Amino acid sequence: MEAGGRFWRVGLAGALLSVLIGGCEPSSTAAVNASPTPRAHTLAGGCAGTVLTDAEPPKWAQDGWNHQEGSPWLVPWAFGTQKTTIAYVFADQLVAGPSPRVDGTSNKVLWEARDLPSGAGVMVEGNPYGKSQPTIGIAGGPSIVEVPTPGCWTFRLTWSAGGGHADTINLDVLPAGSLPRKG
């Protein structure tokens with residue numbers, strides 16, 4: 001019985017100590033205001049699970065950008081499925097056919113990999129989603145992407161820095177002659 005009584009007194013002392021310590025806390029806490037963050041939007045242009053957004057990309061993909069804090073990102077971008085690559089889509093959405101478009105813009109895309117932020121050394125192969133043909137090949141970094149047909153396209157990025165790597169980005173391609181929706 002002595003052992004049980006001792007545990008009871010230790011438990012009671014612990015509870016009393018908790019009440020005393022809790023009583024030393026300030027009765028009111030100051031409100032903490034979070035710094036404003038830009039509203040991120042999901043934009044047209046991604047497909048098959050890829051999301052095009054104007055949210056802030058990861059730090060590894062921000063070199064060379066002049067971005068104003070608290071504003072949407074300057075160029076829509078999408079993560080690869082492994083989150084190791086990014087495609088910056090400068091004209092908002094891709095359009096089938098040759099560049100420039102009727103409005104003078106082109107399908108400019110900046111392809112980057114986490115291990116190669118400049119995109120140099122990244123190879124990009126594109127196919128219509130779920131198909132093997134037609135195939136287009138593009139060098140990583142900034143490039144003009146001339147996609148022959150509309151629909152969802154899968155772009156497989158591969159690079160060998162630090163070992164063999166691969167990631168996939170799916171982008172929607174509008175019919176030839178279309179103009180991307182802005183904003």
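Helices are DSSP runs of H or I with at least four residues, and strands are runs of E with at least two, both numbered from the N terminus. The model shown is predicted, so that local features require a pLDDT of at least 70 and side-chain atom pairs count only at pLDDT 80 or more, whereas totals for chains, interfaces and linings use all residues. Residues are numbered from 1 along each chain as its sequence is written, and side-chain values use heavy atoms, with hydrogens and water left out.

**Overview: the chain comprises one helix and 11 strands.** From the N terminus, the order of elements is α-β-β-β-β-β-β-β-β-β-β-β. Of the 183 residues, 38% are buried; buried denotes a relative accessible area under 20%, exposed one over 50%, and partly exposed a value in between (1.4 Å probe, protein chains only). The exposed area of the chain is about 10800 Å², of which carbon and sulfur atoms supply 58%; accessible areas come from the Shrake-Rupley method with a 1.4 Å probe, and for residues only the protein chains shown count as cover. Among contacts with a separation of 6 or more, 54% join residues 24 or more positions apart, a contact being heavy atoms within 4.5 Å.

**Close-up of K83 in the loop between β3 (77–79) and β4 (85–89).** K83 has a phi near 60°, a positive value in a residue other than glycine. Most residues other than glycine have a negative phi, and most peptide bonds are trans. With a relative accessible area of 47%, K83 is partly exposed. K83 is also one of the contacts of R114, together with W60 and T84, once neighbours within four places in sequence are set aside. R114 belongs to the loop between β6 (108–113) and β7 (123–128) and is partly exposed at 40% relative accessibility.

**Close-up of the salt bridge between E56 and K59.** The closest N and O atoms of this pair are 3.3 Å apart; a salt bridge requires a side-chain nitrogen of Lys or Arg within 4 Å of a carboxyl oxygen of Asp or Glu. The structure holds one such bridge. Side chains of opposite charge can pair when their charged atoms come close. E56 is partly exposed at 37% relative accessibility, whereas K59 is exposed, with a relative accessible area of 61%. R114 and K59 are 55 residues apart in sequence, and their C-alpha atoms are 9.7 Å apart.

**Close-up of the aromatic pairs, of which the structure has three.** W77 and F79 form an edge-to-face pair, since their ring centres lie 5.1 Å apart and their planes meet at 85°. W77 is buried, with a relative accessible area of 5%, and F79 is partly exposed at 23%. W153 and F155 have ring centres 6.3 Å apart and planes at 25°, so this pair is stacked. Both W153 and F155 are buried, each with a relative accessible area of 0%. Ring pairs also join W111, W153 and F155 into a cluster. Rings of Phe, Tyr and Trp (its six-membered ring) pair if their centres lie within 6.5 Å, with planes under 30 degrees apart counted as stacked, over 60 as edge-to-face and the rest as tilted.

**Close-up of K108 over the ring of F90.** The charged end of K108 is 4.7 Å from the centre of the F90 ring. The criterion is that NZ of Lys or CZ of Arg is within 6 Å of the ring centre and within 35 degrees of the ring normal.

**Close-up of T154 in strand β10 (residues 151–159).** T154 counts as buried at 19% relative accessibility. The side chain of T154 makes a polar contact of 2.7 Å with the side chain of N170; such a contact is a pair of N or O atoms within 3.5 Å, and within protein one must be able to donate a hydrogen and the other to accept it, while residues adjacent in sequence count only if both atoms are side-chain atoms. Beyond four places in sequence, T154 touches E125, G126, N127, P128, Y129, T168, I169 and N170.

**Close-up of backbone features at A48, P100 and P134.** A48, which is not a glycine, has a positive phi of about 50°. A48 lies in the loop between β1 (42–43) and β2 (52–53) and is partly exposed, with a relative accessible area of 41%. S99 and P100 are joined by a cis peptide bond with omega about -5°, P100 being in the loop between β5 (94–95) and β6. Another cis peptide bond joins Q133 and P134, with omega about -10°; P134 is in the loop between β7 and β8 (136–139).
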